[in-house]
Amino acid sequence: MTRRQAIAGLGALGFGALSLAACSSAAPSGNSAGNGSGKFTILQYEDPTTPQGQGWRKAVELFKAKHPGLTVDVQQTSFDAFRQNAKILLSGNDVPDVVEFNKGNADGGQLASQGLLQPLNEQVSQFGWDKKVTGSMAAFAKYNDDGMAGDGDWYGVPNVGEYVYFYYNKAKFAKAGIKDLPTDLASFEAAVDKLKAAGEVPISSSASTSQGFNQMWVWYSLVSAEASRKEIDDFMFVRDKVDFRSGAWKSGTERFQQWIEKGYVGDKLGGLSFEQATVNFLSEKAVMLPWNNGMFARIRKDAKFDWGFFIMPGAKLSMGSSGHLWGVPAKAKNKDLAYDWIETTLSPEVQNLIGQKGGLPLAGDINAISDPLTKELTQKFNDVVKADTLSFYPDYPVPGFLDFIQNHMQAMSNKNETAAGYLDALQEFYDKGTK
């Protein structure tokens, strides 16, 4: 997932999951961006307690004030429910007016190429969204006729970014004799060995085939650490042929297998979800947690110990990208209102609130952030975006890739598959999916 601030178990996909405003049976308001009447439906899957969720609550307030005659119905689903049911939902006659969807060829690209999303080029120009969403942050907002990301028409608009790093328990580092943060992979592994020797589980991970994203992120972080920009871009945007049995793919995957064998990531991961991995970190059963800024507010609230964070030491590239995208269904009845909703989420009031909560806004003012730790988090993200060292997420290029990778992450974590076996399967699946 891309990023996975997704929430599992919040109910089936549909308009009855959870509403942040009262529902109405009034008729649609048409394509007017005026005050309007009737109901405007937003379908999204962000946890309302996250910085982004809190920002969007503010956006709802602003939007309702601009359209006082309108009932704004915010529907809550889950990441998995939407990606599994998006085609059916968006093909129907009763579609939401605006939706949050996953970026990448496997998800957003498919919806765009199937004609289920409205192209947004005119609105991007009209509202100046391309001045706020630029560079690598715009890479997965655009898709060509074949559903390939990186160029073509705009079909979505993100309003936050994200990047992956290690949260760590400072007291446990000190107790194990780790005085300074590692500066490269070798010193990182030396620190992990000290944690192991102290009887600790160094990295809290998970490898469930449905919600076990941590192992996938550990694996891809190790690949990214040694990869060149070209290796990642060829893979991500399906450019030159990718040889998974060489280069950073081979060395990173072999190192990943070594980490499993050495117990760096714990054991019995096949049945663990990212939520269980998070709880294990918060309960101090493990020392580090690989996750992104989506967990920042929760860890800050729930951790009963002194903690910090750092990007994979010495990495050439690190995982991260824009956040998920706002899109307008091709069959939406209130398209102009949908465009105004997207504009509202990119407003200074919303963007600066997200920034103050640690949500990495794409159009926020870093000087509006007063908290030093939150400002540090945001500045580091701005630095990696400026340096163009984000490697995105590994499941983007091919339909079905997320399920494929997670199945193999579980197999490797259970020691039922080797690095070589996984890379052979990866080559076959990728080549077949990108033909």
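Start by selecting Phe-40, Phe-82, Tyr-167, Trp-219, Met-288 and Trp-341: these have the most contacts inside the largest nonpolar core, which has 132 residues. A nonpolar core here is a set of buried Ala, Val, Leu, Ile, Met, Phe, Trp, Tyr and Cys residues joined through side-chain atoms within 4.5 Å. Helix α8 supplies the largest share of this core, 9 residues. Buried means under 20% relative accessible area, exposed over 50%, and partly exposed in between (1.4 Å probe, protein chains only).

Before moving on, note that this is a predicted model, in which local features need pLDDT of at least 70 and side-chain atom pairs count only at pLDDT 80 or more, while totals for chains, interfaces and linings use all residues. Residues are numbered from 1 along each chain as its sequence is written, and side-chain values use heavy atoms, with hydrogens and water left out.

**Stop 1: an open sheet**

Now colour β2, β1, β3 and β10. In that order they form an open sheet of 4 strands with mixed pairing. Because β2 (70-76) and β10 (325-327) stand at the edges with a single partner strand each, one side of each has no neighbour in the sheet. From one strand to the next, the twist averages 20°. Helices (H or I, at least four residues) and strands (E, at least two) are DSSP runs numbered from the N terminus, and two strands pair if DSSP finds at least two bridges between them.

Select β1 (residues 38-44) next: 7 bridges join it to β2, and the two run parallel. Look for Leu-43 with its bridge partner Gln-75, then Gln-44 with Gln-76. Since 6 of the 7 residues of β1 are buried, the strand is largely enclosed by the rest of the structure.

**Stop 2: β6 and β8**

Show β6 and β8 together; 4 bridges join them, and they run antiparallel. One pair to display is Tyr-168 and its bridge partner in β8, Gly-308. On β8 (residues 307-310), Trp-307 and Phe-309 point one way, Gly-308 and Phe-310 point the other way, and all are buried.

Centre on Phe-166, in strand β6. Is it buried or exposed? With a relative accessible area of 4%, Phe-166 is buried. Its C-alpha atom is 5.4 Å from that of Phe-309, although 143 residues separate the two along the chain. Beyond neighbours within four places in sequence, the contacts of Phe-166 (heavy atoms within 4.5 Å) include Phe-188, Ile-203, Met-288 and Pro-290.

**Stop 3: helix α11**

Select residues 274-282, helix α11, where Phe-274, Ala-277, Thr-278, Phe-281 and Leu-282 are buried. Why do they sit on the same side of α11? Because they cover an arc of only 135° around the axis, taken from the directions from the helix axis to the C-beta atoms. Add β6 (161-169), α8 (213-226), β7 (288-292) and α12 (296-302), which are among the elements covering these buried residues. Just after α11, check Glu-284: its phi is positive, near 65°.

**Stop 4: Ser-321**

Finish in strand β9 (residues 320-322), which holds Ser-321. At 0% relative accessibility, this serine counts as buried. Which side chain makes a polar contact with that of Ser-321? The side chain of Tyr-396 does, at 3.2 Å. A polar contact is a pair of N or O atoms within 3.5 Å; within protein, one must be able to donate a hydrogen and the other to accept it, and residues adjacent in sequence count only if both atoms are side-chain atoms. Not counting residues up to four places away in sequence, Ser-321 also touches residues including Lys-103, Met-137, Glu-162 and Phe-392.

Notes
Axes are lines fitted to C-alpha atoms, for helices over the stretch in contact, and angles run from 0 to 180 degrees between N-to-C directions.
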